[in-house]
Amino acid sequence: MTTQTVSPKKLDAEALSLDSVSLWQITRRRLLRRKSSVVGMVILAILILIALTAQWLAPYSPTLSMLDADPPQKVEKRSSPCIYALGCPKDQPQHIMGTDGNLRDEFSRMLYGARLSLMIGFSTVTFAIIIGTVLGALGGYFGGWIDNVIMRVMDVLLAFPSLLLAIAIVTVIGPGLINALLAIGIVSIPAYARVVRGSVLSVREMDYVSATRALGGNTFEILFKRILPNALTPLIVQGTLGIASAILDAAALSFLGLGAQPPTPEWGSMLGAERNQVFTAPHLVFYPGLAIMLTVLAFNLLGDGLRDALDPRLAHTS
Amino acid sequence: MVTYILRRLVLSIPVLFGILFATFALARLIPGDPCRAMLGEKATKVVCDEFNHRHGLDRPIPIQFGVYINEIAHGDFGNSFRYSKPITELLIERLPITFELSLAALLFSVLVGIPLGVIAAVRHNSWVDVVTMLWANVGVSMPVFWLGLMLAYIFSLTLKGTIFQLPPSGRLSAGLITVPFYEIWGMQVTEGTFSYTLADFISRMNVFNSILSANWEVLKDAVTHLILPAFALSTIPMALIARMTRSAMLEVLGQDYIRTARAKGLSRRSVVLKHAFRNALLPLATVIGLSLGGLLGGAVLTETVFNLSGVGRILYDGITARDYGIVQGFTVVIAIFFVVLNLIVDVSYAYLDPRIRLD
């Protein structure tokens with residue numbers, strides 16, 4: 001039997017290194033330990049790569065009809081996928097995912113769709129986080145009638161199923177991608193406002209906040225430098241999961257014809273445009289739906305992973 | 001408990017008022033003139049003036065809002081321009097379709113989601129757990145309209161001619177007629193009375209009506225038409241319920257009293273179902289309650305895909321046709337339903353967990 005002796009110097013060094021580990025380093029370690037989070041991050045990395053390189057990866061422009069291609073191609077509408085490596089005759093033009101009802105290359109549209117979907121997710125959540133944070137912070141910090149008015153408005157927004165409210169808002173401001181993003185952003189605000197308000201309420205009476213106030217700190221400094229950093233963690237988790245639902249809602253609005261309009265290569269709109277052809281050209285419905293699902297899945301897996309990694313109750317697992 | 005319910009009801013009043021204001025404002029802000037939307041080329045100035053006067057649209061907005069509140073308070077949701085019918089009548093026609101669909105979807109979610117969550121928790125970290133959670137993650141990420149279309153393709157075309165073939169749309173096969181159960185029973189119900197409204201509402205749900213009237217052919221047909229839309233609609237709540245059941249069960253199963261129960265020699269089945277599951281029900285109540293609200297949102301998409309003329313579909317049609325009455329009436333009813341649902345979820349806590357003293 002052997003006993004290992006550890007020098008006090010080494011122990012101190014380990015303790016020191018442990019002490020100096022930041023929350024973000026712990027979070028990264030925990031995230032990388034979760035297989036599902038890694039899967040989510042890998043899918044997301046691939047999607048971001050596709051979005052960034054779509055113009056080089058795509059064989060055709062996403063809006064180009066094959067009749068206008070150089071040279072014009074003789075392909076049928078909604079033709080099945082043709083891949084040379086899988087035995088497609090060489091005399092036919094290669095279209096990995098076939099062509100759509102307007103003779104456009106489906107694969108190219110799918111690649112450009114990744115760019116649009118990520119843009120939709122990030123922009124709506126950024127909009128909702130900014131407005132939600134300001135409203136939640138004001139309500140939580142000032143309390144009283146300001147808080148009451150803000151939170152009652154949030155309650156009213158929450159009283160509607162989110163998709164129905166988004167549909168109603170888009171109807172008022174008119175169909176289109178930007179308006180759909182605005183509608184989804186408005187519908188998402190209450191979730192962020194509640195998270196921030198809760199965080200502000202939990203710390204606004206703490207000693208360090210009172211100390212800043214006593215030292216002459218103004219409201220802006222107290223709110224944005226002392227209080228709001230405490231809301232960052234729940235906001236990140238809520239935001240990541242929020243991107244997933246924003247992409248789903250945007251796809252749903254486009255499917256109903258209220259979001260992105262043709263010929264924009266948006267997955268929901270592509271799916272909606274070909275939905276009546278599901279029995280004759282199922283691939284035109286299958287690919288966009290699969291892409292939406294994978295994107296949403298990636299954000300959900302990452303969001304779940306972040307929630308666990310940032311949860312102090314799971315500190316012992318770090 | 002009564003005090004708590006009353007307090008919650010009073011607190012709901014400003015929210016309800018806000019809902020009424022929001023729906024009224026949204027309906028009035030919809031671009032375009034309802035007269036032109038309804039009458040198209042026939043909408044001359046004279047015709048539109050008469051139309052606006054008949055529907056009170058030429059009155060000042062605050063007065064229109066006042067009239068609207070007064071009517072709602074009397075249970076009158078106004079009239080639909082498009083269908084030339086009272087909204088209440090349309091609600092009674094369409095609500096049962098969505099209600100039946102949502103109920104079937106909820107039944108699927110609960111009957112599949114809860115057992116899956118329990119099994120995943122009991123067999124934590126096993127392949128069952130991994131597969132269940134993988135499926136749950138995929139389930140919450142799936143667009144309901146895509147799943148609906150794919151299911152319709154697989155079950156009505158790929159599996160055509162097999163026993164698994166299912167209809168891709170509609171509620172009943174052509175040629176099948178349903179007779180309201182109250183007519184078969186010989187019930188004497190007078191039109192316009194509450195009992196008639198209730199009987200009419202129930203009879204519009206094909207599954208319930210066919211059971212009550214013992215029409216097994218219609219029952220079989222109605223169920224086969226309901227399976228695909230209900231399954232598509234149930235995916236997200238089913239996945240959420242499975243995830244929530246698993247995490248709630250894992251938390252309870254790790255507690256000391258469970259170890260004590262096991263140490264006493266109780267069977268694993270008894271410990272899981274009687275000791276653990278009951279205590280895991282609390283968070284489940286929230287998810288199930290809130291899922292119902294989500295089902296209503298999802299119903300717009302499911303009803304569009306499966307060509308069902310329920311609340312979601314009529315609301316969508318109402319918005320595109322600028323039918324103020326439908327938009328207001330149906331949105332108000334859905335929102336009120338949502339508020340009441342939240343109240344029921346809150347109150348159910350007290351029943352499920354005696355430690356909670358609400359009053």
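This passage describes the interface between two chains and selected helix packings and loop features in a predicted model.

The size of an interface is often given as the accessible area lost when the parts come together. For chain A and chain B, the buried area is about 3400 Å², and carbon and sulfur atoms give 83% of that area. The contact involves 38 residues of chain A and 41 residues of chain B. One salt bridge is found across the interface of the two chains. In a salt bridge, the side chain of Arg243(B) meets that of Asp304(A), with an N to O distance of 3.1 Å. Both partners also belong to helices considered below: Arg243(B) is part of helix H11 of chain B, and helix H12 of chain A, which spans residues 283-309, includes the position of Asp304(A).

Two packed helices are described by the angle between their axes and the distance between the axes. In chain B, helix H6 (residues 127-141) packs with helix H11 (residues 216-253), their axes coming within 8 Å and crossing at roughly 140°. With this angle, H6(B) is oblique to H11(B), and the crossing is left-handed. On the side of H6(B), the contact is made by Asp129(B), Met133(B), Trp135(B), Ala136(B), Asn137(B), Gly139(B) and Val140(B). The residues met in H11(B) are Thr235(B), Ile236(B), Met238(B), Ala239(B), Leu240(B), Ala242(B), Arg243(B) and Arg246(B). By class, this contact of H6(B) with H11(B) contains nine nonpolar, three polar and three charged residues. Arg243(B) thus appears in two settings, in the contact of H11(B) with H6(B) and in the salt bridge to Asp304(A).

Helix H6(B) also packs with helix H5 of chain B (residues 87-122); here the axes come within 8 Å and cross at roughly 140°. H5(B) and H6(B) are therefore oblique to each other, and their crossing is left-handed. Leu116(B), Ile119(B) and Ala120(B) of H5(B) are in contact with Val128(B), Asp129(B), Thr132(B), Met133(B) and Trp135(B) of H6(B). Six nonpolar residues, one polar and one charged make up the contact of H5(B) with H6(B). Asp129(B), Met133(B) and Trp135(B) take part in the contact with H5(B) and also in the contact with H11(B).

In chain A, the axes of helix H3 and helix H12 (residues 283-309) come within 8 Å and cross at roughly 135°. This angle makes H3(A) oblique to H12(A), and H3(A) passes H12(A) in a left-handed crossing. From H3(A), the contacting residues are Ser36(A), Ser37(A), Val39(A), Gly40(A), Met41(A), Ile43(A), Leu44(A) and Leu47(A). Their counterparts in H12(A) are Leu294(A), Thr295(A), Ala298(A), Phe299(A), Leu301(A), Leu302(A) and Gly305(A). The contact of H3(A) with H12(A) comprises 10 nonpolar and five polar residues, with no charged residues.

Backbone features were also identified in loops of chain A. The loop between helix H3 (35-57) and helix H4 (106-142) holds Pro71(A), which is joined to Asp70(A) by a cis peptide bond with omega of about -5°. Arg78(A) lies in the loop between H3 and H4 of chain A as well; its phi is near 55°, a positive value in a residue other than glycine. A cis peptide bond also joins Pro262(A) and Pro263(A), with omega of about 5°. Pro263(A) is located in the loop between helix H10 (232-255) and helix H11 (267-273) of chain A.

Technical notes. Residues numbered from 1 in each chain as written. Chains lettered and ligands numbered in written order. Predicted model: local features only at pLDDT ≥ 70, side-chain atom pairs only at ≥ 80, totals over all residues. Heavy atoms only, no water. Axes fitted to C-alpha atoms, helices over the stretch in contact; angles between N-to-C directions. Helix = DSSP H or I, 4+ residues; strand = E, 2+ residues; numbered from the N terminus. Parallel < 35°, antiparallel > 145°, perpendicular 65-115°, else oblique. Left-handed = near helix turned anticlockwise from the far one by under 90°. Contact = heavy atoms within 4.5 Å. Nonpolar A, V, L, I, M, F, W, Y, C, P; charged D, E, K, R; others polar. Buried area = accessible area lost by both parts, 1.4 Å probe. Salt bridge = Lys/Arg side-chain N within 4 Å of Asp/Glu carboxyl O.
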